[in-house]
Amino acid sequence: MDEVFISTLHINNNLLDTPASIGVLSKKELLQNNTTDITTVINTIPGVLMQSSNLTTTRISIRGIGARTPYGTNKIRAFYGSIPLTSGNSETVIDDINLENVSQIEVIKGPLSSIYGAGLGGAILVLPQLSKSNGQTAGVSTVYGSYGLLKNNLNYSLTNKSSSLNINYHKLKTDGWRENSAYDREGITLAVELFKKENSKLTYFSNYTYLKAFIPSSITKEAFENNPKSGAATWVASKGFKEYKSTLAGLAYDFKINEHLNNATSIFVNYKDNNEPRPFDILRQYTFAAGARTQFSGDFSIGKIKNQFIAGIEYFADRYNGNTFQNLYQQNNGLGSLQGNQLTETDQKRFFYNVFSQIRSLLSEKFEFQAGLNYNETQFELTNILADANNTTEKYRYNGIFSPQMSLLYKPNTEQTVYFSASRGFSLPSTEETLTSNGTINSDIKPENGYNFEVGGKFYFFNKNLYTELSLYRMEIKDLLVAKRIGDDQYEGANAGKTLHEGIEFIAKHNWQLNRTLTLSSFAATSLGRYEFVNFVDNGNDYSGNKLTGVAANKINAGVTLNSQMGLYFSADYQFVDEIPMNDANTAYSDSYSIINVKTGYRFEIIPNLTSHFAFGINNVTNEKYASLILPNAVAVGNASPRYYYPGLPVNYYGTVSLNYLF
């Protein structure tokens, strides 16, 4: 097996020599399924659980961090190249990005990287596809599947000695298998390298996305068991959906100052215009973010000890404006949502900066030491714009947060490493978590924080035909943030206690050369966790000792791929997810489930320089009934049961065809 390399944004780009647990998904692995949904592939990483409902609503938790978030992903930072995908409101969306335009994804588990903000959950790095082959290439692909699934993808790249260009367009749509679940997305991505020289280059990235996704919402246990195709009655009647236009762009300049010092500097902008008609109101949101990042990297020696370092600063600012209006869908003759009078208007500005540094010291041939430090300062301003013009503006600043990290790595030989690390991380509250019941800022709210301890090893065996990785971790989170739902779209935040996150993660990958024409590749990954409340009292209820809501303690993934030199291949993968506590009281659990997916395909050359790929796949072969996403702590309305469940897709089929030409 080839050694795995991570992006050059790290202090060391060899995964084997990195004293941290980092999940890496290659281009080949990202396209293993039907190329439309990142959930299946990202769940192959142990310790990571991505829940998804009909491509519209997703939640990522890493080692239990972020599991209790009602909707979406927070407590995890994500980047597209050097451009943050995480908003100033701590929300992260990565599923809009076309998988066919991504070269690699890296998931840093836990607060092990000072460079990316020391988030408790970690960081997700999405690396854009850059043109690599000299000359011109063009490609077209189509995916067609069950429930009206259709994805078309066009790609063109041009590379010469001093520049490169990669442009990609995609359109993805599906009718959905549940009521009110149609989905339509299209996007265009541009990546350009200019003025490429031996010591410098200028890179430009941009991505535009348009999305309109209808929302079936969650349903009760009774509906899940008897009619999982149904949507929530009010969402179906109002034809609720979310629609937005999103643009992100960044400019980066990398240059070599001298033999021992380099600099990488980038600036970015991110704009999103969102419209979301919901049964209880219509939400309009506008967000504009901008920022910059610069980092110096290099090496130096102290006596016989060689050292590498990274040091820099990141600045981020965003402006958010949100408006709610009456939804008069009940008066609209069954035509769905109808905008009425304005109810609220909120304006928020958030600013933060991270100062970061990291050093790697090669103490000897077998020992090395790493240490890092991140310092964060965050402030924000919230304005409630009232109809009577009696506007209220509040400003608030968190105390500066220092997050140190250190690790020791032992390398008995060139194919095996063992490491120990200790780090401190934090998670900033989202807007909802900072508010009181009347919508004002609660100055008593503090960021979550905690210490992470981890020991692990990475090992090649059998002439590098087998790669294994093992890690054990323990993290205790203090000042646990709780956003209690007190209305349809109204929350109240509190720091409610402590949680414990500890577990074991293991992954193995093996290649077999069966004969001259057949190769069998396999992998197995498992995570066994213990996630629980240590001290947690909420509304007078003591949940101390209960299991943490929203996350499966145990998860198993495995897969095999049989390749032939003729271009034929067959693959199968398996996923087991344990039961999930759905509320803090642990009185309701989702059932455990197992999913099997299979795929077969044929790659061949039609004429010189023109290649083709045909494939056919079946997902959820056994037609397992399962909840692909649960709503933690769902609130019952009236005499109805709580709506915890987002049903997962039943058995479904897809086929793909692609053509690629090298000029």
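Contact here means heavy atoms within 4.5 Å. The legends below describe close-up views of a predicted model.

**Figure 1. I45 and its contacts in the loop between helix 2 and strand 2.**
I45 sits in the loop that runs from helix 2 to strand 2 (48–53). Residues up to four places away in sequence are not counted; beyond them, I45 touches G23, L25, V107, K109 and K555. The relative accessibility of I45 is 4%, so I45 counts as buried, the cut-off for buried being under 20%. G322 is 277 residues from I45 along the chain, and 36 Å separates the C-alpha atoms of the two.

**Figure 2. The protein as a whole, for orientation.**
Five helices and 39 strands make up the list of such elements in the protein. The radius of gyration is 25 Å, close to the 26 Å that the globule rule gives for 663 residues, so the protein is as compact as a globular protein of that length. Taken along the principal axes, the box filled by the C-alpha atoms is roughly 65 × 60 × 50 Å. Buried residues account for 54% of the 663. Of the contacts between residues at least 6 apart in sequence, 64% join residues at least 24 apart. The exposed area is about 28200 Å², and carbon and sulfur atoms supply 56% of it. There are 57 positive and 59 negative side chains, and 4 Å lies between the centres of the two sets.

**Figure 3. T36 in the loop between helix 1 and helix 2.**
The loop holding T36 joins helix 1 (27–30) to helix 2 (39–42). With a relative accessibility of 10%, T36 counts as buried. Its side chain and that of N34 are joined by a polar contact of 2.8 Å. Neighbours within four places in sequence aside, T36 is in contact with L55, V143, L149, K151 and L172. L150 is 114 residues from T36 in sequence, and the C-alpha to C-alpha distance between T36 and L150 is 9.2 Å.

**Figure 4. K28 in helix 1.**
Is K28 buried or exposed? K28, a residue of helix 1, has a relative accessibility of 56% and therefore counts as exposed, the cut-off for exposed being over 50%. In sequence, K28 and I267 are 239 residues apart. In space, 30 Å lies between their C-alpha atoms.

**Figure 5. S238 in helix 4.**
Helix 4 covers residues 233–238, and S238 is part of it. The relative accessible area of S238 is 0%, so S238 is buried. Which residues is S238 in contact with, leaving aside its neighbours within four places in sequence? They are R278, P279, N327, Y329, G336 and S337.

**Figure 6. K75 and N586, two loop residues with positive phi.**
Most residues other than glycine have a negative phi. K75 is not a glycine, yet its phi is positive, at about 70°. The loop that contains K75 lies between strand 4 (73–74) and strand 5 (77–80). K75 counts as buried, with 13% relative accessibility. N586, also a residue other than glycine, has a positive phi near 60°. N586 is found in the loop from strand 33 (580–581) to strand 34 (589–590). A relative accessible area of 16% makes N586 buried.

**Figure 7. A138 in strand 10.**
Strand 10 spans residues 135–145 and includes A138. A138 has a relative accessible area of 26% and is therefore partly exposed. Not counting residues up to four places away in sequence, A138 touches N155, Y156, L659, N660, Y661 and F663. How many ångströms separate the C-alpha atoms of A138 and Y116? The separation is 35 Å, for two residues 22 apart along the chain.

**Figure 8. Q295 and R293.**
Q295 belongs to strand 17, which runs over residues 281–302. The side chains of Q295 and R293 make a polar contact of 3.5 Å. At 7% relative accessibility, Q295 counts as buried.

Technical notes. Residues numbered from 1 in each chain as written. Predicted model: local features only at pLDDT ≥ 70, side-chain atom pairs only at ≥ 80, totals over all residues. Heavy atoms only, no water. Helix = DSSP H or I, 4+ residues; strand = E, 2+ residues; numbered from the N terminus. Rg over C-alpha atoms; globule rule 2.2 N^0.38 Å. Buried < 20%, exposed > 50% of the residue type's maximum accessible area, 1.4 Å probe, protein only. Areas by Shrake-Rupley, 256 points an atom, 1.4 Å probe, with all protein chains shown as cover. Lys, Arg positive; Asp, Glu negative; His and termini not counted. Charge placed at Lys NZ, Arg CZ, Asp CG, Glu CD. Polar contact = N/O pair within 3.5 Å; in protein donor to acceptor, adjacent residues only side chain to side chain.
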